[in-house]
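Let's take a walk through this one by following its charged pairs, and then look at the empty space inside.

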Amino acid sequence: MDLRATSATAMKEPSMKDHKRLLLIDDDPNLILLVKDYLEFRGYEVVTAENGREALEILEQDIPDMIICDVMMPEMDGYTFVEQVRQTERTSWIPVLFLSAKGQSADRVKGLNKGADVYMVKPFEPEELVAQVESSLKQTIRWKEHQAKGGENGSRIQVPFDVQLTPTELKVVQFVARGMANREIAEELNVSQRTVESHVSNMLGKTNLHNRTELARWAIENQMA
């Protein structure tokens, strides 16, 4: 995979992706550097981690739009990491792309069964990686739009009928619905992260919702975002 040769082309014709954030996880520093460089030239924001354990710590603070993950890593491999991502409600919806040197059919099946949405074998063409990322992100957008409309058989989020948000809470929940982390919201509103966390906590109490994901869905369903 020669990403250096393709970076120049990407610089000439950048494809901005509305600042979509990607979490890239791999224990190979050279691959991290090259893939991050290429994706950033294509308009994505890229956060990196060396293994699954480090990635889980990142997810505690920030929710990316997509995860690109190596399979064989120290500390915590890709299989274990993705299983934990899928078992956690606030991260279970995130599309995951596995990168692996193992290309046998059994390896692909195992990766997909563990929870990956896409399985790519190293070495790979950078344009194919970008195409897979774009396809996964579009699918997520379609899913969110479907959920916002209630779905054919889906149920809408239920909250007390007399819930009233303050103007600041309304701003915060709009940012939450966009997938922004508390840190980013704090910077946007020029307040402390603790203040944002307090607003989120207050809204969860008012609405009887359990987490940020439900709060975001409620905001989208009620056209607040």
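**Charged pairs and a cavity**

Start with Arg42, which forms a salt bridge with Glu127; their closest N and O atoms are 2.9 Å apart. Keep in mind that this is a predicted model. The two partners come from distant parts of the chain, 85 residues apart: Arg42 sits in the loop between α2 and β2 (45-49), while Glu127 belongs to helix α6. How do the two ends compare in accessibility? Arg42 counts as buried, at 11% relative accessibility, because the cut-off for buried is under 20%. Glu127, at 44%, counts as partly exposed.

That pair has company, since a search of the whole structure turns up eleven salt bridges. Another of them joins Asp26 to Lys122, with 3.0 Å between the closest N and O atoms. Again distant parts of the chain are linked, this time 96 residues apart: Asp26 is in the loop between β1 (21-25) and α2 (29-41), and Lys122 is in the loop between β5 (118-121) and α6 (126-148). Asp26 is buried, with a relative accessible area of 1%. Lys122 comes out at 22% relative accessibility and counts as partly exposed, because buried would require a value under 20%.

Now move over to Asp62, which forms a salt bridge with Arg183 at 3.8 Å between the closest N and O atoms. Asp62 lies in the loop between α3 (52-61) and β3 (66-70) and Arg183 in helix α8 (residues 182-189), so this pair ties together parts that are 121 residues apart in sequence. Asp62 is buried, with a relative accessible area of 10%, whereas Arg183 counts as partly exposed at 38%. The pair doesn't stand alone, either: salt bridges with shared partners join Arg21, Asp62, Arg183 and Glu184 into one network.

Two members of that network, Arg21 and Asp62, turn up again when you look for empty space. How many cavities of 30 Å³ or more does the structure hold? There is one, and the largest cavity contains about 40 Å³ of space. Arg21 and Asp62 are in its lining, along with Leu22, Leu23, Val47, Ile58 and Pro64. Strand β1 supplies the largest share of that lining, with three residues. By character, the lining of the largest cavity divides into five nonpolar residues, two charged ones and no polar ones.

Note on methods:
Residues numbered from 1 in each chain as written. Predicted model: local features only at pLDDT ≥ 70, side-chain atom pairs only at ≥ 80, totals over all residues. Heavy atoms only, no water. Salt bridge = Lys/Arg side-chain N within 4 Å of Asp/Glu carboxyl O. Helix = DSSP H or I, 4+ residues; strand = E, 2+ residues; numbered from the N terminus. Buried < 20%, exposed > 50% of the residue type's maximum accessible area, 1.4 Å probe, protein only. 1 Å grid on protein atoms, 1.4 Å probe; cavity = no way out; pocket = protein on both sides within 12 Å on 5 of 7 lines; lining within 4 Å. Points joined across faces, edges and corners; volume = space filled by probe spheres on them. Nonpolar A, V, L, I, M, F, W, Y, C, P; charged D, E, K, R; others polar.
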